[in-house]
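User: I would like a close look at one part of the structure below, set afterwards in the context of its surroundings. Please give the cut-offs behind the terms as you go.
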Amino acid sequence: MNEFITQFLIESREFVEQATEGLLVLEQSPHDVERLDSVFRAFHTLKGGAGIVEFTAMEQAVHAAEEILSAARSGKRALTTALVGDCLACLDQVVQWLDILEQTGEFPSSVAKAKADESWLAAILEANPGVRPRVTTAMQFIPDADCFYQGEDPIARVTALPALLALDIQPVAAWPSLNDFDPYKCNLVLTALTAASMSEVTAHMHGHSGTCEMRAIGPAQSTPQALGLPSQARDILSAQLVLLGHATAANFAGFVASAGMTAVNVLRSCAHAETAALVEQSIGQSLTGNSTEPLRNAIAQLLSPSPPTLSVATAVSGKPDAAAQTLRIDARRVDALVRLTGELTVAKNAAGHVAKLAQEQGNALAGVLKERQVVLDRLVAELQESVLGMRVLPLRTVLQRFPRVVREMSVSLGKPLALEIEGDDTEADKAIVEMLFEPLLHIVRNAVDHGIESPGERAARGKPATAKIRIRAARQADQVIIEISDDGGGIDLARVREVARTRGVATEEELREMSDADIVDLVFAAGFSTAAKVTELSGRGVGMDAVRTAVERIGGRVSIESRAGLGATVRFSLPFSVMMTQVMTVEASGQMFGVPLDAIVETVSVPRAAISGIGAAHAIVLRNRTVPVVDLSNVLGLRETMRDETNTTLVITAFAGQVGGLRVDRIGERLEVILKPLDGLLSGMPGITGTTLLGDGRVLLVLDIGELLQ
Amino acid sequence: MDPQKTILVIDDASLVRLYYRRTLEAAGFQVEEAMNGLEALEKLLTSPVHLMIVDVNMPQMDGLTFLQAVRQKDRALASIPALVTSTEAAETDFEAARAAGANYYLVKPIDQPRLLEFARMLCGVPR
Amino acid sequence: MTIKISAAGQIELTGICSSEEGEVLLQHLLASPNMMVNWRGCEAAHTAVIQVLMAARPRLLGPPADIFLEKWVQPVLAATMHT
């Protein structure tokens, strides 16, 4: 991959992040001129970059979004939620393309039309005013030209949409003359309005071949007076409320009169004469009563409540990036450095061994050697700490994806959500930051799907309409703590008990003995999943048990605390720094073990006959050198499997200057694992240096070669 | 048919006043001009005005000072809607304009469609 | 056969018209461009068939027997007739 493309990939991703963040903020504060500018510039730069590497498809797609933002900047167009969604969809497409480019080194061939334009939406809504109040989802579906050959019937599919309210069918390209017409090439675009939810529509359209765009439609403004007020009119009206807030005794009459006159004019301009008259009355009331209240109330009533679903506020704390003080380094170089440091540690240990030997043999140099060894020890330890520190990333890297995720869930499920993120500048090892996204995503999805109640239920319980999700990260000694809390209904203990019983996770007696906290912890048990129906969002068979496995694999812990009716908090406790070790797996007596790769010199297959016994010990001559051989099953106290083969496998190791051979039944593969040192009951176990969790949840014991061969 | 609305344009740059005049007259408004706050106050006393478009940066009497003065006059003058314009776009500038009595604030340059949109709404002319 | 020329000289769509009938309908329309299409007996029609009707814009005699076709597709075809 040439260096322009490499650079293009790095920079484009950065600008995509900048644009995404900016768009989400703009959705809440559309008048943030600086932010609008910054987002526009991000898109503009993305376009420029695409031009330099001649990525035409991306240029065009980004250009469409850039036009929307340009219109917003000049005031020609208001940046509505739908338009923000379009710009975000454009960024999604760009990211997909960047991924393909990075993986294959080639520009993606399929060029999807990034229609960052909602004219189709406006057209069908305008054509069907009668059904407008009932519309919750709008969809435009363009089937693939060859979909008939796939056995699809697009019109049948769309007319079967649940709660269909309106349908329009148009040709994509102008119909050719009948002689040239191919009846088996689909040339249609189907646009529909339904009263079904977006997830219902998505489910219904599942498996279609073609492109499908959907929009969630909020209800038309509820208060009849505000029906049909354009956004500029609303802006002017809310500006009058602000103005009235500044009224003082000296300018009271002037402020009230001009604010009132402005509001009346705006309403008249938008053809709401009756409402204008009502506001006029309230001006008189305000002036005679010497209070801004009558007028303020009259204007406030015109501004209908905020749209139902979307409220994603992020309080992202953290120091701004000190750009000048950072370097971009290829992660692989840092990993190489970490490996090198590991090897250096091993070499240092070997040297230490020599120093000890010299001492034992009363060598004159022993003292000096020992001194040098102490210095070397310290330096290498510092180097290791330093290098591991280079692999540390702020959690922001993974947490910054969540505002977007939560926003989409909010739209998709129709639950108003607010996300708070605290402590995202907390740092953790790269390996940890990288594995965190999936588990966190699952937890957040669970919380939104099952924990947080529907708006109706929340209202009935006296909870605020907007549900709150908080992600908080902090460093505590050598651990990184991450908490995800929600103010939903908490874990349904009765339900957990029932599922545990029916799925055989626990017996009736066991359940009776358990405390509430124990019951809550059952959600992490293997084979447990309370999702009655797997919604589009949560769970594709990824249960909480997978989350716990993933976390324990890197040496962390996860737990849940729940308060009935008030919400739940999931707590991750993760090690700050993490050493990856390379091991080779070997099999002995039907069990698998790991051998640290840096102790392995080679593996050989030798005839059994070549291993000669000298008393209890065994040895083999390899390249004119006698190598002691130890049987792994034997030394671990496992039952030896009598094998009837002529040849057997040896793993030749070198440790502390000593060469040895380990006889095993079979050699497995190489793995990079996170080693958890032995603690508690296992720490006395000889021959084992630590454990690690494999991807499938099994525990692998990693051998201590030095101990084994002594 | 609504009687014609009169807009008073207050800006020290003659080019800006010309631009506004052409745009607004073409849309059917009557336009009066003033170069600064003092002149504007005089104009207000002589002819009925339905909207003031006031620039903040003007010599002798700047836009906000002018506006504050107008808002304290008798009801006929004090109630005239005011659209304040400026090249500045900071939150503090919006705040200052509101405190002086601005009914709306637009950042320059203002293109024609936008100017007409707001002029119509603030004057009560159908869109 | 779900698409045939009737004794009355109309292209008749009866019963369930599958995707293959699209080609059949097209051939009939090419051969007799001014013939009316009677879809009163049509209980279902694959998109391919409807697409031919949209492209060819023949005179239509309805309403089709199926309520979905009548409610959602007929209005679309009626609109294209006038273009």
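Which helices are included in what covers the buried residues of helix 10 of chain A?

Analyst: This is a predicted model, in which local features need pLDDT of at least 70 and side-chain atom pairs count only at pLDDT 80 or more, while totals for chains, interfaces and linings use all residues. Residues are numbered from 1 along each chain as its sequence is written, and chains are lettered from A and ligands numbered from 1 in the order in which they are written.

The cover of the buried residues of helix 10 of chain A includes helix 9 (252-269) and helix 11 (293-302) of the same chain. Helices here are DSSP runs of H or I with at least four residues, strands are runs of E with at least two, and both are numbered from the N terminus. Contact, the criterion behind this cover, requires that the C-beta atoms of two residues, placed from the backbone, lie within 7 Å.

Helix 10 of chain A takes in residues 273-289, 17 residues in total, and its first and last C-alpha atoms are 24 Å apart, close to the expected 24 Å at 1.5 Å a residue; the expected span is 1.5 Å times one less than the number of residues. Its buried residues are Thr275(A), Val279(A), Ser282(A), Ile283(A) and Ser286(A). These residues lie on the same side of the helix because they cover an arc of only 115° around the axis, the arc being that of the directions from the helix axis to the C-beta atoms. An α-helix has 3.6 residues a turn, so residues three or four places apart point the same way. On the other side of helix 10 of chain A, Ala273(A), Glu274(A), Ala277(A) and Thr288(A) are exposed. Burial is judged by counting other C-beta atoms, placed from the backbone, within 10 Å of a residue's own: 20 or more make it buried, 12 or fewer exposed, and values in between partly exposed. After helix 10 of chain A comes Asn290(A), with a positive phi near 55°.

Elsewhere in chain A, strands 2, 3, 1 and 4 form an open sheet in the order 2-3-1-4, with antiparallel pairing. Its edges are strand 2 and strand 4 (210-216), each of which pairs on one side only, and its neighbouring strands are turned by 15° against each other on average, direction ignored. Two strands count as paired if DSSP finds at least two bridges between them, and the angles run from 0 to 180 degrees between N-to-C directions, with axes that are lines fitted to C-alpha atoms, for helices over the stretch in contact. Strand 2 and strand 3 (residues 188-194) of chain A pair in the antiparallel sense over seven bridges, and Leu167(A) has Ala192(A) in strand 3 as its bridge partner.

The contact between chain A and chain C takes 19 residues from chain A and 19 residues from chain C. On the side of chain A that touches chain C, the elements giving two or more residues are helix 6 (154-159) and strand 2 (164-171). That side divides into 14 nonpolar, three polar and two charged residues, where Ala, Val, Leu, Ile, Met, Phe, Trp, Tyr, Cys and Pro count as nonpolar, Asp, Glu, Lys and Arg as charged, and the others, Gly among them, as polar. Chain C itself has three helices and four strands, which follow the pattern β-β-α-β-α-β-α along the sequence, and buried residues make up 39% of its 83 residues.

A second open sheet of chain A has six strands in the order 14-18-19-17-16-15, with mixed pairing. Strand 10 (residues 557-563) and strand 11 (residues 567-575) of chain A pair in the antiparallel sense over seven bridges, with Val558(A) opposite Phe572(A) in strand 11. These two strands form a hairpin with three residues between them, and Gly565(A) in the turn has a positive phi of about 80°.

Chain B, finally, contains six helices and five strands, and buried residues make up 44% of its 127 residues. Val54(B) belongs to strand 3 (residues 51-55) of chain B and is buried, because 27 other C-beta atoms lie within 10 Å. Apart from neighbours within four places in sequence, the contacts of Val54(B) are Ile10(B), Gly63(B), Phe66(B), Leu67(B), Ala82(B), Val84(B) and Thr85(B). From Val54(B) to Phe66(B) the separation is twelve residues in sequence and 8.8 Å in space, C-alpha to C-alpha.
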